[in-house]
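Got the viewer open? Let's take a short tour of some charged side chains, one stop at a time.

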Amino acid sequence: MKNMKKFCFLLNSLLLCAVMMFTGCGRAENETEKKSIRIGVSLYQGDDTFINNIRGELEKCAKAYEQENGVKVNLDIQDAKGSQNTQNDQVERFISLGCDVLCINPVDRTAASVMIDKAMAAEIPVVFFNRQPVEEDMDRWDQLYYIEAVAKESAVLQGGIVVDRYRENPESLDLNGDGVVSYVLLEGESSHQDALIRTEWSVKTLKDGGVPVEKITGGIANWERSQASALMEQWLEKYPGQIELILCNNDDMALGAIDAMERAGISGICAVGIDGTTPGLEAVANGKLLGTVSSDKERYAGAIFTIAACKAMEQEIPPEIELVEGKYYHCPQQIVVKNQ
Ligand code: BGC
């Protein structure tokens with residue numbers, strides 16, 4: 001009986017620890033804990049595949065938090081549909097509704113100061129994600145946070161997929177056996193910090209890894225599958241039999257390029273992406289995509305949500321959320337190739 005009691009106590013303590021770990025937040029000093037929190041989320045473009053995946057994970061985090069803590073979470077998610085003006089209005093509305101915290105995926109990362117002004121005036125912390133406000137803006141207040149998958153890391157991992165493949169099986173990339181891998185490049189929005197950095201470091205990694213590469217052409221497809229597909233269709237006509245590799249700044253554009261190849265009845269050209277979106281991972285599994293660099297969406301959204309919930313509950317951010325300079329969270333990423 002005594003042993004049984006001890007066991008129950010231990011079990012209870014373990015459960016409590018698990019709950020604390022799960023919710024992430026430490027107990028507030030004050031006794032009067034809130035019974036509900038309101039979080040305003042504004043997405044730059046709701047139909048972006050990667051952002052949509054993060055949205056899904058955020059919704060799961062909110063549900064789990066409610067169940068674990070008995071705190072009602074009003075998660076108000078709005079789509080700015082690519083308009084900074086719309087996003088500014090959404091921020092104003094969130095403030096007037098009494099949101100405890102804002103999570104913002106900026107439309108124009110250079111225009112975050114207007115939203116920061118509003119949040120600061122209302123004393124509402126902001127968790128930015130995916131589109132990085134400029135440093136000067138991030139340094140304006142100690143209640144601003146930013147969550148990302150570091151672009152250079154994604155690119156070096158992406159380049160590594162190709163380097164590994166070339167070392168194992170050069171003929172699968174140098175299709176015409178001329179000693180050079182001729183590639184095309186599909187890039188994201190020119191104003192997005194990830195696009196330029198990913199392009200630069202992906203190509204550099206190939207070169208440093210000893211893959212003899214030559215660029216045929218490249219273009220901006222703004223992260224979009226349909227735009228990438230249209231570009232690839234043109235390139236396949238313009239450079240018949242010459243393209244041996246497709247480097248893409250994200251999975252959706254890689255899938256667009258694959259769509260174009262399928263329409264043209266062409267196979268055997270390797271494409272690599274970044275994100276590890278649901279359709280991206282499926283394409284790797286069924287062998288259409290050579291590989292992708294997957295950011296851990298659960299941890300990405302988990303960091304956004306945990307910081308937001310802690311701020312809303314006026315609790316400390318737990319040390320598991322490792323913040324660089326007290327405000328930046330870097331989400332872990334990993335290579336995904338078939339049979340791994
Ligand atoms: C992702 C893209 C996404 C973009 C949106 C990038 O980090 O890789 O898939 O479209 O962010 O801002």
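Select Arg 55 and Glu 59 to begin: they form a salt bridge, and their closest N and O atoms are 3.3 Å apart. Keep in mind that you're looking at a predicted model. Now show the cartoon around them: both residues sit in helix α2 (residues 49-69), four residues apart, which is about one turn of the helix. Are these two buried or exposed? Something in between: Arg 55 is partly exposed, with 26% relative accessibility, and Glu 59 is partly exposed too, at 32%.

Why would such side chains team up at all? Opposite charges can pair when the charged atoms come close.

Next, jump to helix α7 (residues 193-208) and pick Lys 204 and Asp 208, again four residues apart, about one turn of the helix. Here the closest N and O atoms of the salt bridge are 3.0 Å apart. Lys 204 is partly exposed at 35% relative accessibility, while Asp 208 has a relative accessible area of 58%, so it counts as exposed because that is over 50%.

Third stop: select Arg 225 and Asp 259, whose side chains meet in a salt bridge, 2.8 Å from N to O. Colour helix α8 (residues 225-238), home of Arg 225, and helix α9 (residues 251-264), home of Asp 259; the pair ties together parts that are 34 residues apart in sequence. Arg 225 is partly exposed, at 33% relative accessibility.

Last, select Lys 34, Asp 100 and Glu 314 together: salt bridges with shared partners join them into one network. Want to keep hunting? The count for this model comes to 15 salt bridges.

Note on methods:
Residues numbered from 1 in each chain as written. Predicted model: local features only at pLDDT ≥ 70, side-chain atom pairs only at ≥ 80, totals over all residues. Heavy atoms only, no water. Salt bridge = Lys/Arg side-chain N within 4 Å of Asp/Glu carboxyl O. Helix = DSSP H or I, 4+ residues; strand = E, 2+ residues; numbered from the N terminus. Buried < 20%, exposed > 50% of the residue type's maximum accessible area, 1.4 Å probe, protein only.
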